[in-house]
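Notebook open, model loaded. I want to look up the sheet, a helix or two and whatever empty space is left inside.

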Amino acid sequence: MNAQSRTKLSQLPEWTALAKHREEFGRTHLRQLFAKEPERGSAYTLRVGDLHIDYSKHLVTDETLGLLRDLAAATGVAGLRDAMFRGEKINTTEDRAVLHTALRAPRNAVIEVDGENVVPAVHAVLDRMAAFADRIRAGEWTGHTGRPVKNIVNIGIGGSDLGPAMAYEVLRSFTDRSLTVRFVSNVDGADLHEAVRDLDPAETLFIVASKTFTTIETITNATSARDWLLTGLRAGQEAVAKHFVALSTNADKVADFGIDTANMFEFWDWVGGRYSYDSAIGLSLMIAIGPERFREMLDGFHLVDEHFRTAPAEENAPLLLGLLGIWYGQFFDAQSHAVLPYSHYLSKFTAYLQQLDMESNGKSVDRDGNPVEWETGPVVWGTPGTNGQHAYYQLIHQGTKVIPADFIGFASPVQDLLPGLIAQHDLLMANFFAQTQALAFGKTPDEVRAEGVAEELVPHRTFHGNHPTTTILAERLTPSVLGQLIALYEHKVFVQGAVWNIDSFDQWGVELGKVLAKKIEPVLTEGTGGEDLDSSTAQLVAAYRALRGR
Ligand code: F6P
């Protein structure tokens, strides 16, 4: 791979061919595509592990898909993918390997970074996590006063929060319901306050999750949590060892904070924060669902890793989904991408994907530092679908914007649903299927008229349709299926970054705000500095100080 010498995307003949094809495609309607190819539903379906992926309701033909695959070939997606799996330093701006795939590799795999096989270390940490999780689950890990730990509070932010918090919700039906598991991320003291206000410190374990162990929100919350604990226990620093563990790559900073590094679960700089919840960052989840279920989830990830690495382009689901996103973003001016799960348990799924996708591909320079002349990552948004139907679906159905959407649903409800609620599942899923049908095919003015609607209301009650969707259906929401879904999206994001020739694994864009916040804080608290503030910020800061009576 030599990314430096790549021809600009917009100058590639494969790109020009897609632009021409888009012109020819014009306003072709999904109704026409299905009329022309009645078996499109089964023809445009992929099966990956437990995931049944229907992409027939997309504005594409075989020719479109062929041209998109040509683009992937011309931009070296497969080469970059192989380099990632081999452990090459494809995160060039940070000179790091990108090896979240090693976190779920089997014990006997060999994956080298700088000549060293990282797989034994991955499994050593997983084994330590498992032993620790088992002790907590068995009530054998006791706190400072000798009482077993029953409450787990994960303190972290971004990738050190969103993954485990999301997965804990998704897999609630697999959790030990006798444990209370909470997640604190916001530096707003209200977050920690609400998390601990009804907890007994003697039974509470804090997991401080931070790759760098320098993130101000996390260290501030962890410090406050330590104060809360020691005050509540009327104990000194010696109580920390029984009530705090750390998940980090930075042993020195963990020790500086006062956590014994014997209670640290390590990961490595080749794991990006937003790709880390299957590393030690998943400890809270492992405690909740148990090591066996956690390993099932890792196996699910690995299954899709292997699919992405080996499946031919025509059958490669992450490749396909990534290319579809490029098609809409560049050639249909789609600015956003909706992810609409039909499962209450996936309520935090889209928020998780926001970091995965938007922190990875929210970039405007290519790998060589040149401004990009093409659209990069979309705004990712969405909430559980049935709730969305009564909120923002109106805009998807009848608004002016192109919003490609993923619909995710399951054939069976979760394992421990109250028997009286099982019948509701068919209603949920009827909505799931009806929405993609309505979005694709709409309702023509003639169909509206045939219902006897008054002529002046016909335009209002017409559905143009032609809104593209992917449907992902699985038998049941299990740990393995969750792993499969996340890996699918991880690799989709990878494909897009590879085509766009951007570094999907850095996040320099989050730095400026952090630096400015550090400068503004003393202006708020002490009224010092701030001479160089712009007039807008200066007057806002002055108003804040006045309201605080300073
Ligand atoms: O500020 C963004 C970020 O660096 C994310 O990429 C990361 O997931 C998050 O902060 C938390 O970082 P850390 O795990 O080092 O505390």
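For strand pairing I go by DSSP: two strands count as paired if at least two bridges are found between them. Note to self: this is a predicted model.

Entry 1, the sheet. I started with β10 (residues 336-341), which pairs with β11 in the parallel sense over three bridges. I looked up Ser-336 and found Val-379 in β11 as its bridge partner. Zooming out, I get an open sheet of six strands with mixed pairing, in the order β1-β2-β13-β12-β10-β11. β1 (45-48) and β11 (379-381) each have a single partner strand, so they stand at the edges with one side lacking a neighbour in the sheet. From one strand to the next, the twist averages 15°.

Entry 2, what lies across the sheet. I find helix α15 (residues 349-361) lying across β10, β11 and β12 (405-410), and it runs at about 165° to β11.

Entry 3, α21. How far apart are the end C-alpha atoms of α21 (residues 479-500)? I get 32 Å, which agrees with the 32 Å that 22 residues should span at 1.5 Å a residue. I also checked burial: 22 of its 22 residues are buried. Just after α21, Asn-501 takes a positive phi of about 60°.

Entry 4, cavities. I count four cavities of 30 Å³ or more. The largest holds about 170 Å³ of space. It is lined by 18 residues, and the closest to its centre are Leu-324, Gly-325, His-337, Pro-404 and Lys-492. Which element gives the most to this lining? My lookup says α14, with six residues. The elements giving two or more residues are α14 (317-331), β10, β12 and α21.

Note on methods. Residues numbered from 1 in each chain as written. Predicted model: local features only at pLDDT ≥ 70, side-chain atom pairs only at ≥ 80, totals over all residues. Heavy atoms only, no water. Helix = DSSP H or I, 4+ residues; strand = E, 2+ residues; numbered from the N terminus. Axes fitted to C-alpha atoms, helices over the stretch in contact; angles between N-to-C directions. Contact = heavy atoms within 4.5 Å. Expected span 1.5 Å × (residues − 1). Buried < 20%, exposed > 50% of the residue type's maximum accessible area, 1.4 Å probe, protein only. 1 Å grid on protein atoms, 1.4 Å probe; cavity = no way out; pocket = protein on both sides within 12 Å on 5 of 7 lines; lining within 4 Å. Points joined across faces, edges and corners; volume = space filled by probe spheres on them.
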